[in-house]
Amino acid sequence: DAVEYFPLPAGSRNAGRALLAINHEYTDDGMLHADGMKTWNAEKVRKSQAAHGVSVIEVAREGAGWHVVRPSRHARRITAATPVAASG
C-alpha cells in the first residue's frame, strides 16, 4: 500500500500545507458485508467498489505536529465510480 505526500505550492496560504493521498486497494468482502459472501448482488458489488480507491486529505504543520485541514477544497474520495477524463 502507499501513502504519498504532495507539498502544496509555496505561498502565504499554503505555507506548511500538503496533500496526503492514501490508497485503499484491498478489502475483505467476507467482513465487509453482514452475511459475508453467502449471497452476492449488485448492491454488494457497489459497496465493494466504493471500499476501493484513494482518499486525499489536506494537512498543515503547526509547531512540532500536523493536523488535518477541515474543511478543505482538496479533500476527496476517489472510487471505481468516480468519473475521470483521460487525454494525451
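Biologist: Where in the chain is Pro-71 placed?

Modeller: In this predicted model, Pro-71 belongs to the loop between strand 4 (65–68) and strand 5 (76–78). The peptide bond that leads from Arg-70 to Pro-71 is cis, and its omega is near -5°.

Biologist: Which other residue has its place in the loop between strand 4 and strand 5?

Modeller: Ala-75 has its place there. Its relative accessibility is 38%, so Ala-75 counts as partly exposed. Ala-75 should also be viewed together with Glu-58: the two are 17 residues apart in sequence, and their C-alpha atoms are 6.3 Å apart in space.

Biologist: Let us turn to Glu-58, then. Is Glu-58 buried or exposed?

Modeller: The general idea is that a residue counts as buried when its relative accessible area is under 20%. Glu-58 has a relative accessible area of 1%, and therefore it is buried. Its place is in strand 3.

Biologist: With which residues is Glu-58 in contact, leaving aside its neighbours within four places in sequence?

Modeller: Among them are Leu-8, Arg-13, Ala-18, Leu-19, His-67, Val-68, Val-69 and His-74. Arg-17 and Ser-72 also belong to that list, and each deserves a closer look. With Ser-72, the side chain of Glu-58 makes a polar contact, side chain to side chain, at 2.5 Å.

Biologist: And what does Glu-58 form with Arg-17?

Modeller: The general idea is that a salt bridge requires a side-chain nitrogen of Lys or Arg within 4 Å of a carboxyl oxygen of Asp or Glu. Between Glu-58 and Arg-17, the closest N and O atoms are 2.9 Å apart, and the two residues form a salt bridge. This pair links distant parts of the chain, for Glu-58 lies in strand 3 (residues 53–62) and Arg-17 in strand 2 (residues 17–24), 41 residues apart. The partners may also be read by accessibility: Glu-58 counts as buried at 1%, whereas Arg-17, at 21%, counts as partly exposed.

Biologist: How many salt bridges does the count come to?

Modeller: The count comes to two. Besides the pair just described, the side chains of Asp-35 and Lys-44 meet in a salt bridge, with 2.3 Å from N to O. Here Asp-35 is partly exposed, because its relative accessible area is 30%. Lys-44 has a relative accessibility of 9% and so counts as buried.

Biologist: I should now like to consider the rings. How many aromatic pairs does the structure hold?

Modeller: The structure holds one aromatic pair. The rings of Tyr-5 and Trp-66 have centres 6.1 Å apart, and their planes stand at 85°, so the pair is edge-to-face. The general idea is that planes over 60 degrees apart count as edge-to-face. This pair, too, links distant parts of the chain: Tyr-5 is in strand 1 (residues 3–7) and Trp-66 in strand 4, 61 residues apart.

Biologist: How do Tyr-5 and Trp-66 count in terms of relative accessibility?

Modeller: Tyr-5 is partly exposed, with a relative accessible area of 44%. Trp-66 counts as partly exposed at 41%.

Biologist: Which residues form a nonpolar patch on the surface?

Modeller: Met-37, Trp-40 and Val-45 form such a patch, and together they have about 300 Å² of accessible area. One of these, Trp-40, is found in the loop between helix 1 (29–32) and helix 2 (42–50). The relative accessible area of Trp-40 is 43%, so this residue is partly exposed.

Notes. Residues are numbered from 1 along each chain as its sequence is written. This is a predicted model: local features need pLDDT of at least 70, side-chain atom pairs count only at pLDDT 80 or more; totals for chains, interfaces and linings use all residues. Side-chain values use heavy atoms; hydrogens and water are left out. Helices (H or I, at least four residues) and strands (E, at least two) are DSSP runs, numbered from the N terminus. Buried means under 20% relative accessible area, exposed over 50%, partly exposed in between (1.4 Å probe, protein chains only). Patches are made of residues with over 30% relative accessible area and no salt bridge: like charges are joined within 9 Å, nonpolar side chains (Val, Leu, Ile, Met, Phe, Trp, Tyr) within 5 Å. Accessible areas come from the Shrake-Rupley method with a 1.4 Å probe; for residues, only the protein chains shown count as cover. Rings of Phe, Tyr and Trp (its six-membered ring) pair if their centres lie within 6.5 Å; planes under 30 degrees apart count as stacked, over 60 as edge-to-face and the rest as tilted. A polar contact is a pair of N or O atoms within 3.5 Å; within protein, one must be able to donate a hydrogen and the other to accept it, and residues adjacent in sequence count only if both atoms are side-chain atoms. Contact means heavy atoms within 4.5 Å.
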